Amino acid sequence: MKELWTTMASIMGVWAFGQSLLHTLFPPELRFASLKLLHRVFSSFSAYCYYDITESDGVNTNELYNAVQLYLSSSASVSGSRLSLTRALNSSSITYSLSSNDRLVDSFNGATVEWEHVVTQRHSPTFSWRPLPEEKRAFTLRLRKSNKHLLLNSYLDFVMDRASDLRRSNQDRLLYTNSRGGSLDSRGHPWESVPFKHPSTFDTLAMDPVKKSEIMADLLDFANGEAFYQKTGRAWKRGYLLYGPPGTGKSSIIAAMANFLSYDIYDLELTEVNTNSELRKLLMKTSSKSIIVIEDIDCSINLTNRNNKLGGRKNAAAAGDDGANTITLSGLLNFTDGLWSCCGSERIFVFTTNHIGKLDPALLRSGRMDMHIHMSYCSFPALKILLKNYLDLEESDVEGEEFAAVIDEAEMTPADISEVLIKNRRDKSRAVVELMDALKIRAEKSRLKKLGVEDEEQEKRALESPQQNCIGDVVDNDKMHST
C-alpha cells in the first residue's frame, strides 16, 4: 500500500512538472492558435455548418431572433421533448419555448435542420456606456453543407413569414410603456409590456360610419402598401392626429386600430423621457407592426417652440442643469419624421389632444400627421351604434326622428351617453326615456348659452357704436374748424 501511494505521488509530481513545462514552452496565445487551427481542420471535414442568431445586433433588437423564437414556440408545442412553459400576467394562452441549451429538430423541403437555444451568463465588463443584459441569448442553426445553398435563404424566409402569420393570428396584443427615467430591464429593454385586452373594434366604435370606413380603408392601404412606399421612396409609416373634447373616444379608436391591424401599442410617456437622445433610443427599441401613441401631447411636457430659438436654448440649458426634462420640439419632430424614424418599418404614430389650437403648426403638417381625425360630439349615426351596443335596440325600436332632432344641439359625448345607458341597461324603456330627457336638458342649456353669447355680442356692438359715432363727430368738427 505504501508503494502505491509513493507511485501515485511520483506520477502527480511528473504531471505537475510537465504541465508547468508545457505552459513555459507553449504560451496561452500559441495554445489558443493551435486549438483554433484544430477546430478549422475538424470543421473542414464536418458535414454540417452552423449559424448563430443573437438576440441583439449591438443596438437594435434582432427581428430574426424574435421570428425564430415565435416560430419555434409553435413547433416546440408539438415536437419538443423538454420545454419551458410561461404564461404572462392576464394572458389567455401558454407560451412554449426551448429550454436553455436544448435542441429541436425541424424539417423543410425534405431536409432536416436542428435548432439549439444557447443561453450563457455575460461577464460584466469593467466599463460600459450602457447597461447590458445579464444573459446572452442566441439560436444556433445547424444544417448540412450540401443543403446550405438550397435551404438557408428560403428556410429563413419561411420562418419570417410563418412568424408574421402567427403574430397576426395571436389574440394577445401587447401594450408597452417606457420605463421610468429610461432604465433597462434584465434583458436590456427600455419598454415594459402587458397583454393588451381592450375589446374595442370598429364595429362597436361610436362614430359616423362614413368617417369610420375612410379610416379603415386608409389603415388597410398602409398595412398592404410596402411596395408602394418602396416605389415612392417614402418611409413606411403613417401619422394620425386625434383631436376633440374629452370623452369622444380617442383612446377607443386607438384600441380599435390595434385590434384591426393586429399591431402592438407603445404608449410613450414623455414625462419619463429626459433628453432627445433617450427619445431616439426608445424609438430604436420599438418593433415593426406597431402603433406609437402620445396622448394629450399638448399638456405632456412644455415643448420648446422652434420660433423662439434663443429662449428655447436658455430653457433647455436651465432644465439640463436641474436634471429635468429637456426634450425639445425639434427632437420630437425628428422622432416622428426625421432620419431616426426610418430605423424600422410599418409603424403608425398617433397623437391625441383636446385642444388642437395649442399645437405647434410644425406638428400638424403632412408627413408627420397625415390624417387629422376630429372626434366630435355624438351624432345620430353614432347614437344608433351605442343603442345597439348597450341595449340591443335597432333604429325601429326607438323614436329615431325625435332623437335626430335633438342630438346635434345637445352636444353630448359618447362617454356621457354611454354612462346613461350603462346605468339603466337592465330596463331598456327607462334607459331610452332618461337618455331623451338628458339630451333635451343639454340641448336647452346649449341653446341658452348660445343666446347668451349672442346677447353679449350685441351689447358690445351697441357700446362700441356710440363711441365710434362720437369719434366721427369730433373728426368732422376738427375738419370744419380747419377749413
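**Notebook: helix α5, the seven-stranded sheet and two side chains**

I began with helix α5, residues 209-223, whose 15 residues reach 21 Å from the first C-alpha to the last, close to the 21 Å expected at 1.5 Å a residue. I note at the outset that this is a predicted model.

I next looked up which residues of α5 are covered, and found K212, I215, D218, L219, F222 and A223 buried. They lie on the same side of α5, because they cover an arc of only 130° around the axis. As a reminder to myself, an α-helix has 3.6 residues a turn, so residues three or four places apart point the same way. On the other side of α5, I found V210 and D221 exposed.

What do the buried residues of α5 pack against? I listed α6 (226-232), β9 (237-243), α7 (250-261), β12 (347-353), β13 (371-374) and α12 (380-391).

**The sheet**

Since β9, β12 and β13 appear in that list, I turned to the sheet, which is open, has seven strands with mixed pairing, and follows the order β8-β7-β10-β11-β12-β9-β13. Its edge strands are β8 (191-196) and β13, each of which pairs on one side only. From one strand to the next, I noted a twist that averages 20°.

Within the sheet I checked β7 (residues 173-178) against β10 (residues 264-267), and this pair runs in the parallel sense over three bridges. Here T177 stands opposite D267 in β10.

I then asked which helices pack on the sheet, and recorded two of them. Helix α7 touches β7, β8, β9, β10, β11 (290-294), β12 and β13, and its direction makes about 170° with that of β12. Helix α11 (residues 329-337) touches β9, β11 and β12, and its direction makes about 140° with that of β12.

**S200**

I located S200 in the loop between β8 and α5. Is S200 buried or exposed? It counts as buried because its relative accessibility is 7%, with the cut-off for buried set at under 20%. The side chain of S200 reaches the backbone oxygen of S252 at 2.9 Å. Not counting residues up to four places away in sequence, I found S200 touching L205, S252, A255, A256 and N259.

**Strands β4, β5 and β6**

I followed β4 (residues 103-108) into β5 (residues 111-121), and these antiparallel strands are joined by six bridges. I noted L104 with its bridge partner W115 in β5. The hairpin of β4 and β5 has two residues between the strands, and in this hairpin N109 takes a positive phi near 55°.

Continuing from β5 to β6 (residues 135-144), I found eight bridges, again in an antiparallel arrangement. For E114, the bridge partner in β6 is R142.

**E409**

My last entry concerns E409, which I placed in helix α13 (residues 400-410). With a relative accessibility of 26%, E409 counts as partly exposed. Leaving aside its neighbours within four places in sequence, I found E409 in contact with R442, A443, S446 and R447. For R447 I also noted a polar contact of 3.0 Å between its side chain and that of E409. I finally checked E409 against K440, and these residues are 31 residues apart in sequence but 8.8 Å apart in space, C-alpha to C-alpha.

Technical notes
Residues numbered from 1 in each chain as written. Predicted model: local features only at pLDDT ≥ 70, side-chain atom pairs only at ≥ 80, totals over all residues. Heavy atoms only, no water. Helix = DSSP H or I, 4+ residues; strand = E, 2+ residues; numbered from the N terminus. Expected span 1.5 Å × (residues − 1). Buried < 20%, exposed > 50% of the residue type's maximum accessible area, 1.4 Å probe, protein only. Arc of directions from axis to C-beta. Contact = heavy atoms within 4.5 Å. Pairing = 2+ DSSP bridges. Axes fitted to C-alpha atoms, helices over the stretch in contact; angles between N-to-C directions. Polar contact = N/O pair within 3.5 Å; in protein donor to acceptor, adjacent residues only side chain to side chain.
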